[in-house]
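Reader: I have a structure open and want to talk through how it is put together. Can we go through it piece by piece?

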Amino acid sequence: MSNAALGAVAPPGDGALLRQILDDAGRLIVGKDHALRLALACVLARGHLLIEDVPGVGKTTLAHVMARLLGLDFQRIQFTADLLPADIVGVSIYDREEGRFHFHPGPVFSQLVLADEINRATPKTQSALLEAMEERQVTADGETRELPDPFFVIATQNPRNQIGTFGLPESQLDRFLMRVSLGYPDAAAERQLLDGGDRRVMLKHITPRIDVPTLLAWQNHVDQIHVAPALLDYVQALLAATRNAPHWELGLSPRAGLALLRAARAWAMIDGRPQVVPEDVQAVLPNVAEHRLNNLDPTLKNPVQELIRGVAVP
């Protein structure tokens, strides 16, 4: 579907159209505006999103909504203990008539993949998806195959203390640009949910706000959002603070710093600004950093907010 057909000829960075996408998503995911904006920023920054929460709070619906609004192909993979890597990547099947194998792509060859309850599969199966996320390609039968562009994974994870779960190791958590939690709705949002229609029916009536070329243009535009030297100093100070504070087991890596900058650029773009300001970094830092840091001091209730308060803004 072209932009003209959608009636939305939007230049890269069009804030009004981005806000319209968030408004549409907010009609189904009620009362979670901040989490929706983080999810959209994650897509714009070419990152992958991990949603960790209890069942039934809208994790799967969020993935469906993003796919439909952004005009992306969508596949859902339900992770279970008996899921095999070939169920994700694909498999080659021998054709007797032609006398050769044909590769049948798995669901990972989609523009938006929902990896539902990723921590219910074995580590070997988790790795099959996580390698595709990192390389944006898969290798099967000795042949490397490119994944679609854009390629975006939303993985949901049940709380790690639930029975039958395999926790993702730190190196694999690092593949996710952000981690968000939706949490239970407040009283007003829950009343609106109970009084509203069936979310599955509402999903069918969502129409794309943009097409794939527009999303790719927006993703490219994120890299052009200006970052001043003083802002880089601020980001470096935050990274250094995580490495020097004794309550962190390990500090944030340079790769995490790059992820933080990409997320901050996307956050600024949603506001329609051509440059990143410290508030953009502060807005995304908790969701970029918390799954990468291991706090050793249980007395600190919100260590990332302490980090933000402890580093001077330029």
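Reader: Start with the sheet. How many strands form it, and in what order?
Author: This is a predicted model. Five strands make up an open sheet, ordered 2-5-8-1-9, with parallel pairing.

Reader: Which are the edge strands?
Author: Strand 2 (74-78) and strand 9 (178-180); each of them pairs on one side only.

Reader: And what does the twist average from one strand to the next?
Author: It averages 20°.

Reader: How many bridges join strand 5 to strand 8?
Author: Strand 5 (residues 112-116) and strand 8 (residues 152-157) run parallel and are joined by four bridges. Ala115 stands opposite Ala155 of strand 8.

Reader: Which strands does helix 3 lie across?
Author: Helix 3 (residues 33-44) lies across strand 1 (49-52), strand 8 and strand 9. Relative to strand 9, helix 3 runs at about 160°.

Reader: Switching topic. Which residues of helix 14 are buried?
Author: In helix 14 (residues 303-310), the buried ones are Pro303, Val304, Leu307 and Ile308.

Reader: Why do they line one face of the helix?
Author: Because, looking down the axis of helix 14, the buried residues fall within an arc of 150°. As background, an α-helix has 3.6 residues a turn, so residues three or four places apart point the same way.

Reader: What do those buried residues pack against?
Author: The buried residues of helix 14 pack against helix 11 (229-244) and helix 13 (278-289).

Reader: And which exposed residues are on the face turned away?
Author: Arg309 and Gly310 are the exposed residues on the face of helix 14 turned away from its buried side.

Methods. Residues numbered from 1 in each chain as written. Predicted model: local features only at pLDDT ≥ 70, side-chain atom pairs only at ≥ 80, totals over all residues. Heavy atoms only, no water. Buried < 20%, exposed > 50% of the residue type's maximum accessible area, 1.4 Å probe, protein only. Helix = DSSP H or I, 4+ residues; strand = E, 2+ residues; numbered from the N terminus. Arc of directions from axis to C-beta. Contact = heavy atoms within 4.5 Å. Pairing = 2+ DSSP bridges. Axes fitted to C-alpha atoms, helices over the stretch in contact; angles between N-to-C directions.
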